[in-house]
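Let's take a walk through this chain together, from its overall build down to a few individual residues. Keep the viewer open as you read.

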Amino acid sequence: MTDTPPSFELLPGAADSPVILHVPHSAREIPPDVRAGIVLGDDALERELDHITDAHTAELAEVAAGLAGTTPWRFVNRLSRLVVDPERFPDEREEMTAVGMGAVYTRTTHRGVLRDADTDPEPLIERYFHPYARAMTEAVADRLAATGRAVIVDVHSYPTERLPYELHGEGPRPPVCLGTDAFHTSAELLAAAREAFAPCGETGLDSPFAGTYVPLDFYGKRAEVGALMVEIRRDMYMTEPGGPAGPGLTRLAEALAALVDAVSD
């Protein structure tokens with residue numbers, strides 16, 4: 001047996017809600033045996049976690065769920081993305097592998113060494129990545145069976161200043177970036193998000209981060225699965241990097257709740 005926390009958690013919402021708030025990058029927890037494979041000292045690792053973690057996004061989703069008229073489901077990663085990143089492809093399809101940040105990172109946000117270059121990613125992928133992907137697939141299938149559709153809203157944050165690992169960080173960095181997919185992000189879903197987040201300032205599309213997360217069983221196949229990534233610039237709600245949340249979190253949670261309600265009807 002192990003005393004490490006569960007890798008992920010599905011928090012039930014209303015039986016008739018199609019919405020899953022997906023929070024993949026909010027945690028800092030790293031099991032001791034995984035920590036042993038990271039070459040950074042403790043202080044350097046804490047600084048890296050400050051930069052790479054989407055701090056307080058689980059709290060943001062929790063507050064939004066409490067405010068929404070129809071409670072959404074929440075799928076929350078309880079381990080740091082430095083264990084595995086559940087939103088990466090685990091193979092050659094992943095462009096972030098070019099900067100050592102595929103499903104199992106070998107490089108830091110500042111392109112330093114995180115793990116030895118010859119680290120075998122497969123044990124971590126088998127232990128953490130595949131079970132997470134299966135559980136998220138099941139959660140989406142459950143919403144499809146219950147409501148005839150599913151809407152995945154990915155809840156992320158990003159730093160005000162571009163970090164060296166970003167492949168496409170030269171574009172705009174609006175208060176709220178909406179990541180889209182040509183197949184899974186409908187015009188109606190996008191319009192609802194723009195309206196919901198309008199009180200928070202400008203919303204931009206697919207810059208500095210693009211795309212959405214959809215389990216591969218449904219990706220490009222099931223139009224009933226809608227998806228949108230919400231990337232919030234961190235100065236909107238917290239002290240960077242890795243500091244406490246501020247009053248902006250409540251306003252953003254209200255906006256996220258408005259989006260949930262708009263797409264739940």
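What follows goes from the whole chain to one helix, then to single residues and the backbone.

Please keep in mind that this is a predicted model. A good place to begin is the order of the secondary structure. The chain holds 6 helices and 7 strands, and along the sequence they come in the pattern β-β-α-α-α-β-α-β-β-α-β-β-α.

How does the overall size compare with that of a compact globule? For 265 residues, such a globule would have a radius of gyration near 18 Å, and the chain, at 17 Å, agrees with that. Along the principal axes, the C-alpha atoms fill a box of roughly 50 × 35 × 35 Å. Of the 265 residues, 54% are buried. Looking at contacts with a separation of 6 or more, 79% are between residues 24 or more positions apart.

The surface and the charges complete this overview. About 11400 Å² of the chain is exposed, and 53% of that area comes from carbon and sulfur atoms. The chain carries 23 positive and 43 negative charges, and the mean positions of these two sets are 2 Å apart.

Now zoom in on helix α5, which spans residues 187-197. Its buried residues are L189, L190, A192, A193, A196 and F197. Why do they lie on the same side of α5? They cover an arc of only 160° around the axis, and this places them on one side of the helix. The spacing has a general background: an α-helix has 3.6 residues a turn, so residues three or four places apart point the same way. On the face of α5 turned away from the buried side, you will find the exposed residues A187, E188 and E195. And what covers the buried residues of α5? The cover includes the strands β4 (150-158), β5 (176-179), β6 (203-205) and β7 (225-233), along with helix α6 (248-264).

Two single residues are worth a visit next. I52 belongs to helix α2, residues 42-52, and counts as buried because its relative accessibility is 0%. Leaving aside residues up to four places away in sequence, I52 touches R81, L82, M101, Y105, T109, Y165 and R234. I52 also offers a handy distance to check in your viewer: S157 is 105 residues away in sequence, yet the two C-alpha atoms are 9.7 Å apart in space.

The other residue is S7, in the segment before β1 (8-11). Is S7 buried or exposed? With a relative accessible area of 15%, S7 is buried, since the cut-off for that label is under 20%. With residues up to four places away in sequence left out, S7 touches N77, R78, L79 and Y128.

Finally, let's look at the backbone. The peptide bond from S207 to P208 is cis, with omega near 10°, and P208 sits in the loop between β6 and β7. That loop also contains D206, which has a positive phi of about 55° although it is not a glycine. D206 is partly exposed, at 28% relative accessible area. Another cis peptide bond joins E240 and P241, where omega is about -20°; P241 lies in the loop between β7 and α6. R111, likewise not a glycine, has a positive phi near 65°. You will find R111 in the loop between β3 (73-77) and α4 (122-147), partly exposed with a relative accessible area of 42%.

Definitions and conventions:
Residues are numbered from 1 along each chain as its sequence is written. This is a predicted model: local features need pLDDT of at least 70, side-chain atom pairs count only at pLDDT 80 or more; totals for chains, interfaces and linings use all residues. Side-chain values use heavy atoms; hydrogens and water are left out. Buried means under 20% relative accessible area, exposed over 50%, partly exposed in between (1.4 Å probe, protein chains only). Helices (H or I, at least four residues) and strands (E, at least two) are DSSP runs, numbered from the N terminus. The arc is that of the directions from the helix axis to the C-beta atoms. Contact means heavy atoms within 4.5 Å. The radius of gyration is taken over C-alpha atoms; the globule rule is 2.2 Å times the number of residues to the power 0.38. Accessible areas come from the Shrake-Rupley method with a 1.4 Å probe; for residues, only the protein chains shown count as cover. Lys and Arg count as positive and Asp and Glu as negative; His and the chain ends are not counted. The place of a charge is taken as NZ of Lys, CZ of Arg, CG of Asp or CD of Glu.
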